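Here is a short briefing to read alongside the structure on your screen. Take a moment to look it over, and then we can walk through it together.

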Protein chains: 2
Amino acid sequence: MKPTIKDIAAESGVSIATVSRVLSHKTGTYSEKTQTKILAVAKRLGYRKNSTAVELVKKKAAVIALIINATPTNFSTQIIDGIQRRASELGQGVIILYAGNRNAELQHQAIVTALERAVSGILLAAIEPDAEDLTLLKESHVPFCFVSVYLGTDKVLSVSSDNEKLAATTTDYLLDRGHTHIGLAGVDTYHTGSQRIAGYQKALAARDIQETTIKYGDYSYESGRQLLAEFLPLKVTAIIAASDMVAAGLLNAAQEAGIAVPEQLSLVSIDGTDICRITTPALTSLTQDFYQIGAQSVDRVMGEKAATFVPVEMVERGSVKSVSRGG
Amino acid sequence: MKPTIKDIAAESGVSIATVSRVLSHKTGTYSEKTQTKILAVAKRLGYRKNSTAVELVKKKAAVIALIINATPTNFSTQIIDGIQRRASELGQGVIILYAGNRNAELQHQAIVTALERAVSGILLAAIEPDAEDLTLLKESHVPFCFVSVYLGTDKVLSVSSDNEKLAATTTDYLLDRGHTHIGLAGVDTYHTGSQRIAGYQKALAARDIQETTIKYGDYSYESGRQLLAEFLPLKVTAIIAASDMVAAGLLNAAQEAGIAVPEQLSLVSIDGTDICRITTPALTSLTQDFYQIGAQSVDRVMGEKAATFVPVEMVERGSVKSVSRGG
DNA sequence: ATAGGCATTGTAAACGTTTACGTAACGTGC
DNA sequence: GCACGTTACGTAAACGTTTACAATGCCTAT
């Protein structure tokens with residue numbers, strides 16, 4: 001049988017209350033002598049605390065729930081890493097709950113599971129909630145925060161890149177290099193996609209360019225591969241890919257079609273994970289700081305100070321070529 | 001205040017025992033009438049069970065702990081996916097605990113945390129345990145299973161690819177295509193690395209080839225990049241990379257050095273994740289079934305039937321060239 | 001009518017902690 | 001010697017469930 005504080009109490013001739021006080025470091029409530037004695041007995045018995053019992057009486061688990069979509073992208077590792085590290089610093093564990101692939105039922109189920117465990121916070125990574133989920137979360141009185149998704153309002157906690165600004169920056173980057181026929185590939189039809197489209201359109205409009213070429217997708221490699229064919233007849237000279245995977249798909253499809261990157265087609269991807277270094281040529285990217293997004297979302301949900309938007313960075317590699325103006 | 005079964009009991013005029021029985025589907029112990037009544041009240045009150053209380057009285061949490069290294073490789077997503085899905089089928093949740101990067105202290109801490117929560121099983125992915133950890137695990141009487149690591153003994157539960165056989169298969173594959181100067185790049189110095197080295201050496205010895213060229217690494221892209229230079233003076237015609245990332249590193253370093261793949265150098269990578277499709281040329285790989293490894297490890301740790309070794313598959317892409325015999 | 005069985009429900013203990021409250025012992029200052 | 005504060009510890013309730021056991025009522029076979 002696993003030893004409990006009761007066993008330690010009996011063994012050392014004190015009450016369980018004293019044992020509890022010593023073991024949970026309620027300093028100032030016990031003498032050094034009893035501390036030494038109890039610690040020795042605890043060690044000898046191989047005592048390990050029962051977190052479940054602690055959580056029951058405290059009515060709060062020192063755990064953050066992370067609900068995450070099995071998206072076809074690959075940044076989740078960095079987000080999880082950031083969350084995990086920061087949570088650990090704050091003395092919180094992390095439960096990860098998968099919500100399938102935009103599966104409303106599983107997504108709902110994951111939230112319920114988190115609520116049942118009285119977690120101290122809920123993080124929703126790359127999740128676009130429906131109205132029901134949002135109500136459920138709000139009524140639960142458990143703090144929650146969207147990660148890498150911004151719902152367009154500050155009423156709901158959120159940590160992400162500023163998608164609109166990021167898309168505008170990327171578009172400007174290509175405009176500055178002489179491109180005027182610029183496509184946008186692989187965006188979704190939810191908040192993130194809409195925000196990026198808005199930034200893309202604004203940047204073009206600011207230079208009096210009416211032509212926009214938007215192709216929707218699901219952020220996957222396959223998505224990128226398929227979309228290339230749709231861009232070909234449109235004589236764009238540059239494409240902004242909604243993810244590294246989309247960019248890789250576009251790149252490989254282009255190479256198979258005999259289109260040289262960056263000579264005939266420039267590519268910029270949004271994300272900036274390791275994928276960008278691996279392709280040939282390496283992909284120039286608007287790099288998001290996923291680690292920070294994860295870390296700050298923990299701060300956010302735990303009530304610490306944190307930014308809503310995490311800065312991004314343009315990283316030049318080899319997939320963009322400047323073209324002569326008026327081209 | 002969150003409603004409890006006590007509230008439901010009061011509201012519907014029955015005892016908490018009856019409520020509990022209805023809510024936990026102890027069929028045959030309550031009438032249909034009370035069931036209807038209690039369910040209605042529960043719904044009206046917005047009742048949600050308190051898992052913590054359940055776990056305390058049952059002395060077991062319906063949760064599997066997954067302890068995982070932040071390795072520089074990228075297969076963890078697939079493993080987690082397999083674990084998550086299978087666990088969910090068995091009604092188990094999953095807690096993921098990071099163990100840093102081969103950080104003995106964190107690793108130990110993660111095991112202790114799992115033990116404190118009375119989890120139903122512990123999964124250790126890509127973890128090489130030290131003696132102390134192993135003792136701790138064994139004494140805890142909680143079932144545990146190594147994932148994607150085989151300790152070389154069947155006394156400890158484990159699900160992985162058969163590293164020795166897999167390395168031999170890969171080596172044979174290259175031998176069959178006329179290569180006789182074959183390198184092995186990026187293996188570690190623990191169980192997995194040793195087993196692969198053994199397979200590699202045996203396959204060569206079986207064809208009376210004494211020359212072996214082994215370069216150690218940490219499975220990372222950087223590792224691959226750096227190791228290429230060490231192979232160059234050794235005039236190997238083919239290299240087996242210990243991971244996709246290593247292969248990608250070797251590939252890109254080769255291209256920068258003006259060495260054509262596969263014309264001048266053949267590459268096979270062990271893992272077979274999406275990375276292999278993204279590089280140019282695409283990487284031929286000895287593909288592991290990480291999803292199955294994850295899924296079966298859940299079966300293993302939960303006492304269901306499961307294999308220790310999960311089959312692998314050779315997937316031909318574009319990074320291997322046959323050479324004329326005697327080359 | 002009666003014993004036995006079954007269906008349904010209630011009572012209360014148990015799980016392992018934390019913590020409010022009470023209390024005893026021991027100064028300390030007067 | 002007394003009031004008081006402080007220190008150290010114990011008692012017992014509480015957290016929200018599950019479940020062994022007891023109790024009740026009803027039905028059936030005799």
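What rotation superposes chain B on chain A? The answer is 180 degrees, with 0.0 Å of shift along the axis and an RMSD of 0.1 Å. Please keep in mind that this is a predicted model. The points below cover the pairing of the two chains, the build of chain A and the surroundings of DNA strand C.

**How the two chains are related**

- The rotation of 180 degrees with 0.0 Å of shift that brings chain B onto chain A is the relation of a two-fold axis.
- If you would like a landmark for that axis in chain B, go to Ile95(B): its C-alpha is the nearest one of the chain, at 2.3 Å from the axis.
- Both copies use the same surface, since 100% of the contact residues of chain B recur in chain A.

**How chain A is built**

- Chain A falls into three parts: domain 1 covers 5-49, domain 2 covers 58-159 and domain 3 covers 163-288.
- Between the centres of domain 1 and domain 2 of chain A, taken over C-alpha atoms, there are 37 Å.
- Counting secondary structure in chain A gives 13 helices and 11 strands.
- With 327 residues, chain A would have a radius of gyration of 20 Å by the globule rule, but its value is 26 Å, well over that, so the chain is more spread out than a compact globule.
- The C-alpha trace of chain A spans about 90 × 40 × 30 Å along its principal axes.

**What surrounds DNA strand C**

- DNA strand C has 27 residues around it, and the closest come from both chains: Ser20(A) and Tyr47(A), along with Ser15(B), Thr18(B) and Arg21(B).
- By type, the residues of this surface are 12 nonpolar, 10 polar and five charged.
- On the DNA side, sugar or phosphate accounts for 65% of the strand C atoms within 4 Å of the protein, and bases make up the rest.

**Side chains at the phosphates of DNA strand C**

- Ser20(A), one of the closest residues, has a polar side-chain atom 2.2 Å from a phosphate oxygen of the strand.
- In chain B, Thr34(B) places a polar side-chain atom 3.0 Å from a phosphate oxygen.
- Lys59(B) also takes part, with a side-chain N or O atom 3.2 Å from a phosphate oxygen.
- Which elements give two or more residues to the surface near DNA strand C? They are helix 2 (16-23) and helix 4 (51-58) of chain A, together with helix 2 (16-23) and helix 4 (51-58) of chain B.

Conventions: Residues are numbered from 1 along each chain as its sequence is written. Chains are lettered from A and ligands numbered from 1 in the order in which they are written. This is a predicted model: local features need pLDDT of at least 70, side-chain atom pairs count only at pLDDT 80 or more; totals for chains, interfaces and linings use all residues. Side-chain values use heavy atoms; hydrogens and water are left out. A residue is near a molecule or strand if one of its heavy atoms lies within 4 Å of it. A polar contact is a pair of N or O atoms within 3.5 Å; within protein, one must be able to donate a hydrogen and the other to accept it, and residues adjacent in sequence count only if both atoms are side-chain atoms. Helices (H or I, at least four residues) and strands (E, at least two) are DSSP runs, numbered from the N terminus. Ala, Val, Leu, Ile, Met, Phe, Trp, Tyr, Cys and Pro count as nonpolar, Asp, Glu, Lys and Arg as charged, and the others, Gly among them, as polar. Copies are superposed by least squares on the C-alpha atoms of residues with pLDDT of at least 70 in both. Contact means heavy atoms within 4.5 Å. Domain bounds come from an automatic or database domain assignment. The radius of gyration is taken over C-alpha atoms; the globule rule is 2.2 Å times the number of residues to the power 0.38.
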